[in-house]
Amino acid sequence: MIRADFIERLRQQADIVQITGELIKIRKAGSQYKACCPFHEEKSPSFNINPKTQKYKCFGCGQSGDVFRFVMNFKRFTFTEAVEYIAGRCHQVVEYESPDYKPSRFRDIQL
C-alpha cells in the first residue's frame with residue numbers, strides 16, 4: 001500500500017495539464033485547456049482541463065476527476081499503478097506503508 005500522505009503530496013505536485021498533455025493533444029483556451037475527449041468519439045472539443053483546480057471534465061460524456069482518475073481511465077491502470085506512473089513522471093520515489101510490499105511495474109520509472 002502507498003502512504004496516504006505521499007499520495008496527497010503527489011496530488012499537489014502533479015500538474016494535470018502536463019500529464020494530460022503528454023498523453024493527448026490539448027490547447028489553451030483562456031485560463032483553461034481544451035481537447036477532444038479521449039473517452040468518446042467527438043469532433044468538437046468538449047474536454048476541459050482546469051489548471052487552477054487540477055481537475056478535468058468532459059461536457060460530452062460526463063467523465064471528470066483529478067490527475068489520478070485521468071491516468072486510470074486513459075491507461076486503464078489501477079489506482080496504485082496510476083500513482084506509481086505519476087510519481088515517475090514527477091521524479092518522485094513512491095513511499096509504501098510496508099517495506100515488503102511488492103510494487104507494480106512503474107516503481108522505478110524516473111523520467
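User: Which residues is Leu23 in contact with, leaving aside its neighbours within four places in sequence?

Analyst: In this predicted model, where local features need pLDDT of at least 70, side-chain atom pairs count only at pLDDT 80 or more, and totals for chains, interfaces and linings use all residues, Leu23 is in contact (heavy atoms within 4.5 Å) with Phe70, Phe74, Lys75 and Tyr85. Residues are numbered from 1 along each chain as its sequence is written, and side-chain values use heavy atoms, with hydrogens and water left out. Leu23 itself belongs to helix α2, a helix here being a DSSP run (H or I, at least four residues) and a strand another (E, at least two), both numbered from the N terminus. Leu23 and Lys75 are 52 residues apart along the chain, and their C-alpha atoms are separated by 9.2 Å.

User: Why is Thr20 called buried?

Analyst: Thr20 has a relative accessible area of 0%, and buried means under 20%, against over 50% for exposed and partly exposed in between (1.4 Å probe, protein chains only), so the term applies to Thr20. Thr20 also lies in α2, and beyond residues up to four places away in sequence it touches Ile26, Ile49 and Phe70.

User: Why are α2 and α3 described as roughly parallel?

Analyst: Helix α2 (residues 16-23) and helix α3 (residues 67-75) pack at an angle of about 10°, with their axes 10 Å apart; axes are lines fitted to C-alpha atoms, for helices over the stretch in contact, and angles run from 0 to 180 degrees between N-to-C directions. Angles under 35 degrees count as roughly parallel, over 145 as roughly antiparallel, 65 to 115 as roughly perpendicular and the rest as oblique, so α2 and α3 are roughly parallel to each other. Ile16, Ile19, Thr20 and Leu23 in α2 meet Val67, Phe70, Val71, Phe74 and Lys75 in α3. By class, this contact has 7 nonpolar, 1 polar and 1 charged residues, where Ala, Val, Leu, Ile, Met, Phe, Trp, Tyr, Cys and Pro count as nonpolar, Asp, Glu, Lys and Arg as charged, and the others, Gly among them, as polar.

User: Why is α1 called oblique to α4?

Analyst: The axes of helix α1 (residues 4-13) and helix α4 (residues 79-89) cross at roughly 55° and come within 11 Å. That angle makes α1 oblique to α4. In this packing, Phe6, Ile7 and Leu10 of α1 meet Phe79, Val83, Ile86 and Ala87 of α4, a contact with 7 nonpolar, no polar and no charged residues.

User: What makes the two faces of strand β2 unlike in burial?

Analyst: Along β2 (residues 32-35) the side chains alternate, with Tyr33 and Ala35 pointing to one face and buried, while Gln32 and Lys34 point to the other and are not. Tyr33 stands opposite Lys28 and also opposite Ile49 in β3, whereas Ala35 stands opposite Phe47 in β3.

User: How many bridges join β1 to β2, and which strands are at the edges of the sheet?

Analyst: Strand β1 (residues 27-29) runs antiparallel to β2 and is joined to it by 3 bridges, and two strands pair if DSSP finds at least two bridges between them, so β1 and β2 count as paired. Their hairpin has 2 residues between the strands, and Gly30 takes a positive phi near 70° there. β2 also pairs with β3 (residues 47-50), in the antiparallel sense over 3 bridges. The open sheet has 5 strands in the order β1-β2-β3-β4-β5, with antiparallel pairing; its edge strands are β1 and β5 (64-65), each of which pairs on one side only. Helix α2 packs on this sheet, touching β2, β3, β4 (55-58) and β5, and its direction makes about 145° with that of β3.
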